[in-house]
Each structure stands twice: as structure tokens, then as C-alpha cells.
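Me: I'd like a close look at one helix in this model, and then a tour of whatever else is worth pointing out. Keep it informal, please.

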Amino acid sequence: MTKPTESLKTYWRSLADLEGTMPAPADEFPGAESFATPSDETRATLVPATKLARRKFAGLLGASTALAGLTTTGCVRKPVEHILPFAKRPEDMIPGQAIYYATAYQIGHSVLGLLVESQDGRPTKIEGNPRHSGSNGATDMWAQASVLALYDPDRCRVPHKLGADGKHAVSDWDVVTEELGATLKELRGAQGAGVALVVPTVLSPTYRDTLRSFQEKWPKAKIIVDDPTAASNAVAGAEMIAGPGARPTYHLGGVKLIAAFDSDFLGTDFDHVRLQREYADGRAVTSPTDAVEMSRLYAVDPHLTVTGAQADHRLRVRGGEVGGLLAALADRLFAEKDVRLPPGGEQLRAALPKTTLSPEQDKFIGALARDLTTARKTRRPSVIIVGERQPAWAHALGFLLNYALGNGANALRLRLDDLAVATEGLPVLAAGLRDGSITQVISLETNPAYDAPGELGLAEALKGKVLLHLGHHVDETGQIAAWCLPASHYLESWGDLEAADSTVSIVQPLIAPLHSQNGLPASRSAIELLAWIASDAQVDGYSLVQGYWRTVLGQSMYSDRAWRRWLHDGVVQGIPRAGTTPTPRELAGLTTALTAAEAAGTGYELDFHLDPKLADGRHANNGWLQENPHPLTKLTWDNAAYVSIETARKLGVENCDNLRIALGGREIIIPVWIAPGQADDTISLPLGYGRRNIGAVANDSGIDTYVLQAGPNPWIVAGAEVAKQGTRRMVYSTQNHGSLDPGVDPASTKDDSQGWNPGRGYPERPIVRQTTVEGYKAEPDFSQKGDLIAKENLRSLWDHNTHPDLGPPALIGVQQWGMTIDLNKCTGCTACTVACQAENNIPVVGRSQVANGREMHWIRIDRYYTGPKEAPEAVVQPMLCQHCETAPCENVCPVNATAHSPEGLNDMAYNRCIGTRYCANNCPYKVRRFNFFNYNKDPVNDNEMARMQKNPDVTVRFRGVIEKCSYCVQRIQEAKIQAHTAGENTVKDGVIVTACQQVCPSAAITFGDVADPTTRVSQAKKNGRNYGVLTDLNTRPRTTYLARVRNPNPELV
Amino acid sequence: MATAGHTHSPPGTPGLEPHGSPALQAVDRDRLDPLTGRKPLVEQALTFHDITEAVARPIEEPNNTRWWIAFLMSLSLLGVLGISLAYLFYMGTGIWGLNNPVAWGWAIVNFVFWVGIGHAGTLISAVLFLFRQKWRTSINRASEAMTIFAVICALLFPTVHTGRPWFIYWPLPIPNQMNMWPNFRSPLLWDVFAVSTYFTVSLLFWYVGLIPDLATMRDRAKTPMRRFAYGLFALGWRGSTRHWLHYEKAYMILAGLATPLVLSVHTIVSFDFAVSQLPGWHTTIFPPYFVAGAIFSGFAMVLTLLIPLRSWFRLEHLITIKHLENMAKIILLTGSMVGYAYGMEFFIAWYSGNPYESYAFANRAFGDYWWAYWIMVSCNVITPQFIWSRTIRRSPLALFILSIFVNIGMWFERFVITVTSLHHDFLPSSWGYYSPSLWDVATLVGSFGLFFTLFCIFVRYLPTIAIAEVKSVMAIADPHYHPGTDNGPGFAQAKEQH
């Protein structure tokens, strides 16, 4: 048996050769050389040599065959992995078991307390922290998507230094410390003269402390705030009327009447997550008696937002007229004797700008004023919320009105933020750069070269002036910075955040900085960097944060035990603050501002707003947010100039036609999108698009609109020149059709025929059902009206089936899962779409695929318009797999890839699916999604970074299979396993929380066991408003909806 | 159609006078067949050997330029199919224009189209056989070949349209260790059985019918290769009475088996739509309507193929104007049935009072795909009405053009049913629009390449007309045939005297 041994030996040797771990033998084929050059002398030795060669050759042949077998089965060589197995497993750590850590997230002035899921050390999913007042257990889509930003492959990974050739070269922290440290030392020596430090909104106590120490060491430096997401107008308004440090917060608990003046408090304005929950609580209705107590929402705005879509009455006006309408309202309210003004009120009343109201506006404001006074008389709390886009005086006036209406300290609360550091705005930076008083700019996680109003010309002015930029990407400011340093993501760094109500959370990292250099973390948090800039000492974030709290609280209050408690709960208790509460008493400033208030501009008005998806552009490289359809227009991957039908007609444009918009010598070319509900002669422009070279996702997405911003209040600018440009840029919406009125196409400038227009409209369909409070009282079972076939007449084919093996799915599970979605609470904010994407490993498919309707989202938010074409009401309806008990998709699958579970789930067996797509055709709700390509192998979804985000409990689907909502079956199974381990037969109500339910800021989604009549979901299904969509088809959906009840003012109906 | 009265009608009965032009009279004069009182099915005075020569000669002559041109063109289209499928397998179904509401596009349209075409062959060979329609004999072979090739094309599409075609065998009830059975409730599974059964029976039927002719080819073969190949498939046929007895029994049994399949296969294909609950698909009229449409399109395709074939292979005396006329009449009948179904669909959509249903049909005619609907109506309802004209139905050129229109119209019928129903269904939020990609077009064109390549091979190597069967319907085959009389009036008179 020499042969096998021989070949085995050869086998190993060649494997080793292949691995490169062993030098190739000098002579593979002894004698082969002589074979090649035969001569008379060698001919004699040739025979034994060939003999040997033959044996060896046979061995090699076997070996190579074996190797071929090896390599064909594993063509892809496994990468070298460094495994550090636990010799002793850390306590509480069970591989495969997720651990949650409390931390917090900030955008603008909003702070959300979070619980972040960590899978074997990788943060994978963001959830809200129920203990935190800013999130109440929910989050918004920005926080949801922030986990993807951590794994963004385009992140700035190492420090870069700008070379003499104007290009960035990779550097490292040693060089930074040495070279940049020297420059900083020099500047510090000059007390920071000529230096501007640009920071975003700072709500972190430690950061503020660090800023103060910076101010001490760099007294001549200017601190500039650049943060389009900040509530700076509201803060300015509060300070105008209630003194420096005054900060407003709105509270809707118990509020019966809300008047939103250009405020998107349910969407992008600050504290939207908390306000959405409070608003939704005010719309909770179980019976007609409750409905009477429901809150009423008035909205006055130029652009239909999530808030406007919720409004019971909406008045579309130009952005510049909103202040005038507020003044008109104030004028009427002040005439009431119940509305008391503080001293000095009379001058103020006289200074109110006089506006002539159109009859419609007059009626609206009159009704609103009467409603507010009635509420005041009947002691029903009300609130006037002024939107962030409005100038400071409008906010101040709003605050004053709230106090005058007795809502102060209840619906509107002012508090003193005594820790705030005095800062200045971008115009100061621009002026300083222009006059040469600022020569060095330090930008910490800000991007003034991109997001400053175009009028300031900062993109040009900053060139050569940016000393250092700390950023997540080599962004527009980073590209011109002498030093571009990588910023740590909030999931990688220590920090703390103070919410609007002074609740403080410790931001704790879940993972060490992902990117390292020379074995050390390559990124720094803003606090760490600022501490170094301030004092030349490189201190780590943990010491800074913990050190701050140790100092500020003192030995008496601080203990390691308390610290661990804070980290565990995510909320710091017992922070000492000054007890004074500011009140709106200083009317002089407001009176001056009112006198100086500019009248509404004429001509085309440009209304800039934070994009509901990308905010100010910071999320531009986030695929989840780019692909998430806009809550109302359903646009993905692009922004557009939103215009009304009338304006589009006037400009002679249809959707996707390019507009040339010029203002003050600056112009942009942007495609138009007809947005029903938009005020005439206004053009709403979302910010945050048109990023330049920051990443694969962001590039070529939308148009930069900051360019056109100008004036003291850059959000609303009148007098733009607008014309049809002639070319087109295709932008794609995931929902092209969406009117619930026959014959009306809301996206067309053409007049729809009054009657039935077979090509466009359709007969009324009872999909979204809604009524008014009056209608509800008259018809408590209104939600049942509209079924084509009454429930008692619905017959199933299975009913007269007697065969035991054939029949409807046997629903024999003890627990039966079901869901309700309350349309009275759902605002259509689309946070659930992103949460579902994060939880269920749903791929991003890209613009071209969305263009062909191939988006993969398991939840879509259907939006329908109803009513007049120009000023329609909008209704939203989350649509996801309805888990029909007699699912039409199941019986048509030829391979049984989709089947019913005994617990009533419509399950999908991905590895059984062959992709006939018959199920998708037969699904009346069209909620099944097909992997037309191998989306999960696309670099956007499958790069070494993005892979770390994947939820290990959910299959990553491959090409050619159907997927759809599973009711988060992995969460159900997890809960069942835990219940089983605990010795229980059933899972307790409320233990299973689906991803969409978890994220929902308005708590519109209820999930649970419908077999148990005591569960929340069963209670919700008993609600008279409960109805199923398309139940005429006898699908028996497990997901049902609670019909919407609007609360219009009878006077305005 | 045959009435006994005609048998004894004297020649020159006014009702049987030809209506054609005087030029035509020489050929088409209604000289009575002594047995049935009809025109002869084989024109000119031919002997049995003449028939054999006429059919076998074209396939024994090498280097037929016209054939090579046709074959190479077909082959290059087949190459297009190969490339399209290779790219499809590499990339995924996403290369087609499919999207979320429209999950079935051209692939399914093509499937139903080809299955429909596959109907005429078996109808001609089985149903007409059982009804003793002797005129079928000269066209059944080619039509059956067409059926088989069309079904091959049809089977291709459901296979490649799946997301993971490498698992296409999963719908087959193959016993496996997991005890996983296919879902017997799914119409797609019924399709698998219906179409594969249809294919198997059609193939067998065709092959059994070929055996005597294969033996003829074997006997005439001049090269050992041909002799071997034809001999192998001729199964040792020697033409003995016992062989003929068995053969005719087998043929009759297969005809009996195939006849219900003609009705069942498209019925079941229509279930793919009718069993679902999509407005526009969920329609009880679909089974008869689909079968009528299938026969309609099948006969059109037979005309498309045979009109050039009879001319190029000089088979005008075997595939006569009368054959074409008969087929045209069937097209007129089934075309009118299809037209009736279109009308009935609209009536029911209105009469049912179901808003989704009425919307679906209004949307078909006036919605985004109005053009497809009106192409369909013009081609399928209006075009066949020209057949009422005797001149048109006796003109091969006119019939050829007409058949092309019917083919186009029937393809559009399937497009209209599949796509317009899907693109706007229940929830307006999920409505979309479907347009095909280049690869959709390439795959359809390529499937024609496959079809014509197979058909070219067929006409090159197999007798395109059933030699043995045609001989049986010649006057000469009649035991009472009198050679001197040219099966004309003299013979009839002679018979009268008996």
C-alpha cells in the first residue's frame, strides 16, 4: 500500500504549496529535465527516471484531482479570521442572544433615549427607551437608520491631510497630534484670535462644559452654530420674550385644541417623537362618547406635511403669510376679555402687523379664534404651535398667545437652560470671513460649506480657511479642510444628552470605534477632539463624561453604583438645575420685532424645509432613508420642487419637468413634482440633497437647494424667478395613483372629467374608512359600511367541505396572532418602514429598481387624497401582509412555499420558494415583494460593513424568492422560547412587540393574541371602528384597521 | 356536413356549380366524388406512387437553398433565445420589465400564446379524425408537428420565468425524504400535469401516425445512415395487415385520449387566471373562451405555416384550396366565439355590479393599455369577419396575411388579460405600469427561433404530409375505383348502374 501513502504525501505537499507555506521542491519531475533534452548519455538513465516520474505523476494526478474537488466545492477561499474564543464566557453573555444597551440620539433640539440591540457585540437595531421622555419607547426614522450610518462604508475612516496639490492624503493621529497640535498651540497662544469654532446644536452637558473650557482658553475665538435641524427660531423667539436661556417645549397631553402655524410637529420639527405620542393619545377613541373628547387640529401651512395631513382643518397659505394670520388671530383673541395680556400688551396689540385676509382665511381664523376662546372659557387646554420655519417674532407671539390663553406651564412650557453656551449664527461667520477677522475655521461635525444659506457664499469663502474638520464623511467642508478627521459615531463614543424636559441620558458606546489605524481607534468624538483643542490634553471620552458628572454632582450625589444605574436605565436622575421658570413678560422686544416684521413677499415664494427623510442632508448617504418613500409624495432617492396644480399649470409643467429657479443671481435646475395641497405661487424645496462626492448612495441624489436660501429667515424667501427649463429629470414615486375620488388624478394639471374617468379614476373603494365625530355619533358602526358583501352573506367554499384533509388551514395553536392599526393615530411618518427594514434585513434596491416599482419594503404607507384636487385631505394607511386566515397567496403556490402556521401566521419558506410570483399576483393587498435580482449581493447591501448590521435571526433572502411581512416571526419565536423556558404555555400579552409596533411614535399598532379576549389587540378589535380591508374577498385578514374619525369644527364644515 | 343526398346528386346540380372565375373552373370544378359527393381531397389524377414521390422527394433532395435560408434564419433567432436565457439565468428575472403589481409579464403571455397555438394540431388530428373529417389527412402531420413544437416553446416559459429555474422540478410530485409534496390546490400545478400530459399524448399520437411513413422513408433511403435512422423509428413496420390492424386501433385509442385533452389543456391554463381572485382574471367564462381562442390561434398558425409550405414543396394538389377554406371557416367560427366572449365579459362586468370587476374591464378598453385592447379586438374580432367573403377565404395570400393578424391579435389577447388585470387591481396605492425590456422582446423572438428551427428540421427530415393516410382518401383507394373514368361522372354513372 505504498501508493496511497505516496499520493497522500504528495497531496499534502501540494496543498501546502498552494497555501504558499512551503517552498516548491526544486525538482517536481526528477528526470523530466533530461527528458526534455535527451542525449545519448542520459538515455540510459531515462527509463528509471520515467518510471519514477510516472509513479509521481500518478500521485500528483490523484492529488490534483482531490484538490480540484476541494477547490470546486470551495472556490471562495475563506478569509483569515482571528478568533478569540472565550476561555471563560463573560457573565450574562449568551452567544446568539441579543443584549440591549441604553443610549441616546440627538437631531437638532430633539433627543431620543434609545435601547440598542447588540448581537454578539454588533449594534444591529435601534429601539426607543420607554423610560425616556423624548422617545417614550418609540423612535423616528432618523434614529432607526442611524445604525446603518455606523456601518456606512463611505465613512471617513482615517485622518486626512490636505497636501500642497490640493488633494487629501492619508495621515495618522501621531502626525495630527504633532503637526496640527503645533498649529493649535499657536492659535491658543493668540487666545484664538481669528478662529471660529463651528458646532452643531449642543445639548450634551459634557460637551457644553468642554465648550466653556474652550472659551476660557480661546477667549477671542467665535463659537458659531451651524445646524439646520435646530429649533433656532423657536429658541430666539423664547429668548425674545422671556429672556436669555429660555427654551420652549410643547406638551399635548390633555390638549383638546391644537393650532399648528406652519408647524410640522408630527414630522420634522423638534420633539416630534414625543409630540406624536401625545397627539395620538389625544386621538384615542373607543366609542362615540370618547370621540367628543377628541382633540381637534388646525393647520396653516404652505406645504402639505404629515401634520397637515392629520389636520381636521387645513388652510394652505404662503409661508410668508403665516405670521400675518397669526397676528390676525392674536388681534381677535386679544379682543376677548378672557384672554389676558401681560403689562405692555396694548402697545403690542397696536404693533401687530395688519393683514387683509381673504374670505376663506377670515372664516378660518374667525372660527379658530372662537374655538380657542370657547376652549378657554370651558377650561379645555389648547395650544398654538408655531413652526420652526417661521421667524422668531412669530414664535414669540405664539408663546404670548399661549400664555394669554392660559396654556402656559401646561401645553407650552418655558424653562431656563442655564448651561447653554452663548453662540453666534452663520452670518457672523460669513461676515468674519469676508472682512478677514476670521482666518481659521474649526468645524466639529458640521458642514457649513454645504448647508449654509447660499446667499452667504460660505462654500467659496471657506476655501483655504478650514483648519480642521471633524466629520463622518469627507464631506463638502471636509474636502476643503486642511485636516479632515474622522468622527466617531454615537454608538462608538461616550457622551450625554439633555432632552427638552431636562432629562439627561448617558450616551454609551456599544462597540469600539470600527475603524482603527495602527491598532488604535482612528476616530474621535467631538467632545474628545474639542477637549484636546481646548487644552492640548488628549483625554478619552469616558473620562470626560464620567469626570464631568463626578465633578458636577459632587461626592454626595455621584457614586459608581448610581453611574451604573444611569447606564442601565439610560436616564440620569437628580441633576441639579436652577429652579427659575421664565415667563413671557418682556414685550418690548417683541413689539419692536412686530413693527419691523416684513410684510409677506410677492411673486414666487420659496419654502425650504427639512426633508422628512434626509433632514438637513446628514442622512444623505443612508440607503434606508434615501429609499424610504416620502411620507406624502412618496418620492424616493430624489427631491423635487413641490408646486400646486395651479402653479404647475401657470408654469406649463408636468411632473419631472425641470424648473429653473433663480434668486439673487444664484440658480438651480430642479424637477417639479405636483403636490396637492401646496399653496399657489409657492415652491417647496426640501433641503439635504445634491451632496457632492460624499458616498456612493448620496451622490447623484437630488438637487442642492441650500444655494437659494437667503435673508434673515432663510426658510422662506419670496421673489424668486421661476420658469420652465425645458429638460426633464426623472424622479420616482412609489405611489403614482392615489385619489379616493372617482375621476380625479391629483398629480395631473389637466382637468379631470367630472364623471367617471375610466383610465384614471375608479369607482369609490371602501379601503380607507373615515367619518367625522358627528358621523360617528350618528353611525357607531360606520366602519362596517362599505363592504360589498355584508359579513353575514359571506360564504366560504370551505364551509360546505366535509373532507377531513381538505379545508381551511387548521388554526389549532393556543395563541393566534393578530394586529390592529389605528388610522386615527397613524400619521404616516414612515418610521415603521425603516424599522422593518432594519429588523428584517430588507435590501436597498436603488433608484433604477424603485423606478420600476421593485422596492422591497415590507410595510408601505398607502396615502390617498380625497376631496378637492387643490386642497385635498390626505389619509394614510400602513399596508403590510394581512396574514389572511384564508390567504389567497397560499393555495396558488405550486410548491407550498407559503403556508399557514397553526398560530395563524402566513409563513414564507424562502428556501422552498421557486419564484413563480403567483402569490404576488393573487394577493389583493399587493404586499408580497420579489427579489428580481440578487439584491442582497449588491455592494450597497453586502459590503464588509453593512453585513455587520444584519439581524442574525432573519434569513438574508436570495435572488428569485418572494418575501413579505412575517409579523416579526423571529420575535414571536424568541418570546415563545423564553416563555417555554420559564415554564409557561403561552406568551404574555405585550411581550411580543413587532419592529413596526416598537418604533411607532403614535403607538398606532397593536399586536398580540387574538384568541385571548383579554389582550390589547383583542380589545382593539372589539372597538366599533375595527374593519378589515377587502374582507368581501373572504380573506379573513388578521391585520385590521381602526377607522379614522375626524373632528371638524361644525362652523367650518 | 356530409349528407347522404349529395351522394346520388347528378353532376352539374346548380347548387354545386362553382362560383369562381372561369379561370378557376378548370381546376376547382366541382366534379363530384363518387362516394361523398364532394370535391376530391387530392387533386389531379395521381397514383399512390405519385403521392409518395410528392411528399418524400423534398426531404430526400439535399442542398435545398430555400430551406437553408429558412433554417439559418431560424437558427440565428434560436441563438438570440440562447443568449437571452443565459443572461436571464445569470442575472435573474429582473432583466425583464416585471415589477411589483405586474409580476407576470411577457413570459406568461408567451406561454399561453404558445399553448394556444399547440391546440390546432391535436384538434385536427384527433377530433377531426373521430368526426371522420377526411380532409384532415393532408394537414394533420404538419399541424401536429406544430403542436409539439409550440408546446415545447410553451413549456420553456413557465420554466424560465421562475425566480429560481434550477428548482423547476419541485412542482413535480417526486417522492422525497422530506415528504414535501407539491401543492395540489395550485392551478400552476394543474398546469404542470395538463401541459405535460398534453405534450406526451400529442407526441405519441404524432409518432404513431408517423410509423408507416417512416417505414416508407426507410425503404426509400439511399444512405445507410438514413436507413438506420428511419428504420430505428419505423419499429420494423412492414405494412402487414396485422400491423395495420394494430396501428389503426392504437391510433383510434390515442385519438380518443387526445380529444378531451384538447379541451382540458387550455381549460386548465385558463384556471391559472380564473381561479385567482384578480378582477379581470376571476371569470367563469375563461375555460370555453380560452379553448375557442386557442383553436382560433392554432388554426391561424397552421395557415401561417402551411400556405408557404404547400407552395415551396409544391403540395398544392394535396393541401388544396378546399383545405385552406375549411380551416378559414373554423377560424371564422372560433374568432366569432372569441368576439362573443369579449362582449360577454363586459356584460358580466356590468351585470355583476362588482365595482372592481367593472373597473377592470373599463380599464382594459379605456385605461393605460387601451391600445393593446383595441389591437386585440381589431385582430381577433374584425379580421376573421373577412372570411365571410368567398374570394378571401379561397385566396392563399389573403389567408396568409389574415392568419398573421390573428396570431398578433391572440398574442395581444393574452397580454391584455395578463397585464391590464395586474397593473390596476384592488388597492390604487399599488397600481403600476409595465413595459417590457429588450430581454422580454429577445426571449419572445428567440422562442420563434426555437419553433421555426424545430419546424425546419421537421420539414427537412420527416414527411410533412401523412403519406399513408392521404392515399386512403384518394379516389384510387376506393375498391370500386375504375381507372379509366378519372373518378369522374363516368364512375358515378357506373356506380348508379350497379
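How many of the 25 residues of α5(B) are buried?

Reply: Bear in mind that this is a predicted model. The count for α5(B) is 24 of the 25 residues, so the helix is largely enclosed by the rest of the structure. To find the helix, look at residues 106-130 of chain B. From its first C-alpha to its last it reaches 36 Å, close to the 36 Å expected at 1.5 Å a residue. Even so, α5(B) has a kink of about 40°, centred on Leu123(B). Just past the end of the helix, Arg132(B) takes a positive phi of about 60°.

The chain around that helix has 18 helices and zero strands. Of the 498 residues of chain B, 57% count as buried. If you take the contacts in chain B between residues at least 6 apart in sequence, 80% of them join residues at least 24 apart. The chain exposes about 20700 Å², with carbon and sulfur atoms supplying 70% of that area.

Leu454(B) makes a handy example of such a contact-maker. You'll find Leu454(B) in helix α16 of chain B, residues 438-461. Its relative accessibility is 23%, so it counts as partly exposed; the cut-off for buried is under 20%. Beyond its neighbours within four places in sequence, Leu454(B) touches Phe149(B) and Ile152(B). Leu454(B) and Leu78(B) sit 376 residues apart in sequence, yet their C-alpha atoms are 9.9 Å apart in space.

Over in chain A, there are strands to look at. Seven of them form an open sheet with mixed pairing, in the order β5-β4-β16-β15-β14-β6-β7. The edges are β5(A), residues 168-170, and β7(A), residues 222-225; each has a single partner strand, so one side of each is left without a neighbour in the sheet. From one strand to the next, the twist averages 20°. At the β7(A) end, β6(A) (residues 195-199) pairs with β7(A) in the parallel sense over four bridges. There, Ala196(A) stands opposite Lys222(A). Helix α15(A), residues 426-435, packs on this sheet and touches β6, β7 and β14 of chain A, with its direction making about 130° with that of β7(A). Another helix, α5(A) (residues 173-189), lies across β4, β6, β14, β15 and β16 of chain A and runs at about 125° to β16(A). Mind the chain letter here, please: the helix on this sheet is α5 of chain A, whereas the kinked one is α5 of chain B.

Follow β14(A) into the loop that leads to α16(A) (448-451) and you come to Glu445(A). Its phi is near 50°, a positive value in a residue other than glycine. At 30% relative accessibility, Glu445(A) counts as partly exposed.

Chain A also has an open sheet of three strands, ordered β1-β2-β3 with antiparallel pairing. Here β1(A) (99-107) and β3(A) (122-128) are the edge strands, each with a single partner, so each has one side left without a neighbour in the sheet. The twist from strand to strand averages 35°. Nine bridges link β1(A) and β2(A) (residues 110-119) in the antiparallel sense, and Tyr105(A) stands opposite Leu112(A) in β2(A).

For a strand that is mostly covered, try β26(A), residues 682-686, where five of five residues are buried. Thr682(A), Ser684(A) and Pro686(A) point one way, while Ile683(A) and Leu685(A) point the other way, and all are buried. The parallel strand β21(A), residues 604-609, is joined to β26(A) by five bridges. Within that pairing, Leu606(A) stands opposite Ile683(A).

Last stop: the loop between β38(A) (1026-1027) and β39(A) (1039-1042), where Asn1034(A) lies. At 15% relative accessibility, Asn1034(A) counts as buried. Apart from its neighbours within four places in sequence, Asn1034(A) is in contact with Leu794(A), Arg795(A), Ser796(A) and Thr886(A). Arg1036(A) lies in the loop between β38 and β39 as well. At 33% relative accessibility, Arg1036(A) counts as partly exposed. Arg1036(A) has a positive phi of about 50°, although it is not a glycine.

Conventions: Residues numbered from 1 in each chain as written. Chains lettered and ligands numbered in written order. Predicted model: local features only at pLDDT ≥ 70, side-chain atom pairs only at ≥ 80, totals over all residues. Heavy atoms only, no water. Helix = DSSP H or I, 4+ residues; strand = E, 2+ residues; numbered from the N terminus. Buried < 20%, exposed > 50% of the residue type's maximum accessible area, 1.4 Å probe, protein only. Contact = heavy atoms within 4.5 Å. Pairing = 2+ DSSP bridges. Axes fitted to C-alpha atoms, helices over the stretch in contact; angles between N-to-C directions. Areas by Shrake-Rupley, 256 points an atom, 1.4 Å probe, with all protein chains shown as cover. Expected span 1.5 Å × (residues − 1). Bend = angle between axes of the 7 residues up to and from the residue.
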